[in-house]
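Q: Got a minute to walk through this fold with me? I'd like to go strand by strand and then look at the helices.

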Amino acid sequence: MATVELRFSALPEHVRTARLVAAAVARRAGVDEAVLDEVRLAVGEACTRAVGLHQSGGISAPVHVALIEEEKQFSIEVGDESPGSVPGGSASGADPDGSDAETEEDEMGLAVISGLVDDVEVIAGEHGGLIRMSWPTTPPAVALP
C-alpha cells in the first residue's frame, strides 16, 4: 500500500495544488482516465469544505489529505480539525452570524461529492472530520518486448 500525504495551510489558493496532486497520483494508481475529472472535482470540493471550516472556526492547523493506493482501489481522505463538523448542521446550534448560509454551502459541497463519488464516507468527531472517497483501479498494462 503506497500513501502520499499532503498538509497545507487552510487557504483557498492551496486547493488547486491538492487537486492537481490527487489527479496525478490517481492516474499513476490506475484510476480510469474517464474518472480523473471526477477525482479532481471531488477533491476540490472536500478541500474547499475543510478550508472553509478552518477559516470560519479560526483554526490554524493545516488541512490534511491522504492519497492511498491499494491493490484494487484508490482512496483519498481529506481531514479537517474542526470539532463537531457535522454534516447538515453545526455542533453549537444556530448562529446569527450567517452559519445558516455556511451550513447550506456545506450541505451543497457534500451533495456534489456524493454525486461524483460512488464510495464516499463522511465522519465527524470532536477532534475534526474526515471525508473518505474511493475509486476502483485497473492494473497497469504489461508492455510486451
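Q: How do E4 and E5 pair, and over how many bridges?
A: E4 and E5 run antiparallel and share seven bridges. Two strands count as paired if DSSP finds at least two bridges between them. One of the bridges links Val-120 to Met-133 in E5.

Q: What joins E4 to E5?
A: A hairpin, passing through two residues.

Q: Before I go on, what am I looking at here, and what are the ground rules?
A: This is a predicted model, where local features need pLDDT of at least 70 and side-chain atom pairs count only at pLDDT 80 or more, while totals for chains, interfaces and linings use all residues. Residues are numbered from 1 along each chain as its sequence is written, and side-chain values use heavy atoms, with hydrogens and water left out.

Q: Cool. How many helices and strands are there in the chain?
A: Three helices and five strands. Those are DSSP runs numbered from the N terminus: H or I with at least four residues for helices, E with at least two for strands. Along the sequence the pattern reads β-α-α-β-β-α-β-β.

Q: And what's the strand order in the sheet?
A: E1-E2-E3-E5-E4, an open sheet of five strands with antiparallel pairing.

Q: Why do E1 and E4 have one side without a neighbour in the sheet?
A: Strand E1 (2-8) and strand E4 (119-125) are at the edges, and each has a single partner strand, so one side of each has no neighbour in the sheet. On average, neighbouring strands are turned by 15° against each other, direction ignored.

Q: What about E3, who does that pair with over eight bridges?
A: E5, in the antiparallel sense. Phe-74 has Trp-135 of E5 as its bridge partner, and Asp-80 is matched with Gly-129 in E5.

Q: How does E2 pair with E3?
A: Antiparallel again: E2 (residues 63-69) and E3 (residues 73-80) share six bridges. Ile-68 is bridged to Ser-75 in E3, and Ala-66 to Glu-77 in E3. The two strands form a hairpin with three residues between them.

Q: Is E5 mostly covered or mostly open?
A: Mostly covered, with seven of its nine residues buried, where buried means under 20% relative accessible area, exposed over 50% and partly exposed in between (1.4 Å probe, protein chains only). E3 is mostly covered too, with seven of its eight residues buried.

Q: Changing topic: which strands does H2 lie across?
A: Helix H2 (residues 36-57) lies across E1, E2, E3 and strand E5 (128-136), and runs at about 15° to E3. Axes are lines fitted to C-alpha atoms, for helices over the stretch in contact, with angles from 0 to 180 degrees between N-to-C directions. Contact itself means heavy atoms within 4.5 Å.

Q: At what angle do H1 and H2 pack?
A: Helix H1 (residues 15-29) packs on H2 at about 145°, with the axes 9 Å apart.

Q: Which residues make that contact?
A: On H1 they include Ala-18, Ala-22 and Ala-26, and on H2 they include Val-39, Val-43 and Cys-47. By class, the contact has ten nonpolar, two polar and three charged residues. Ala, Val, Leu, Ile, Met, Phe, Trp, Tyr, Cys and Pro count as nonpolar, Asp, Glu, Lys and Arg as charged, and the others, Gly among them, as polar.

Q: Last one: what share of the chain is buried?
A: Buried residues make up 38% of the 145 residues.
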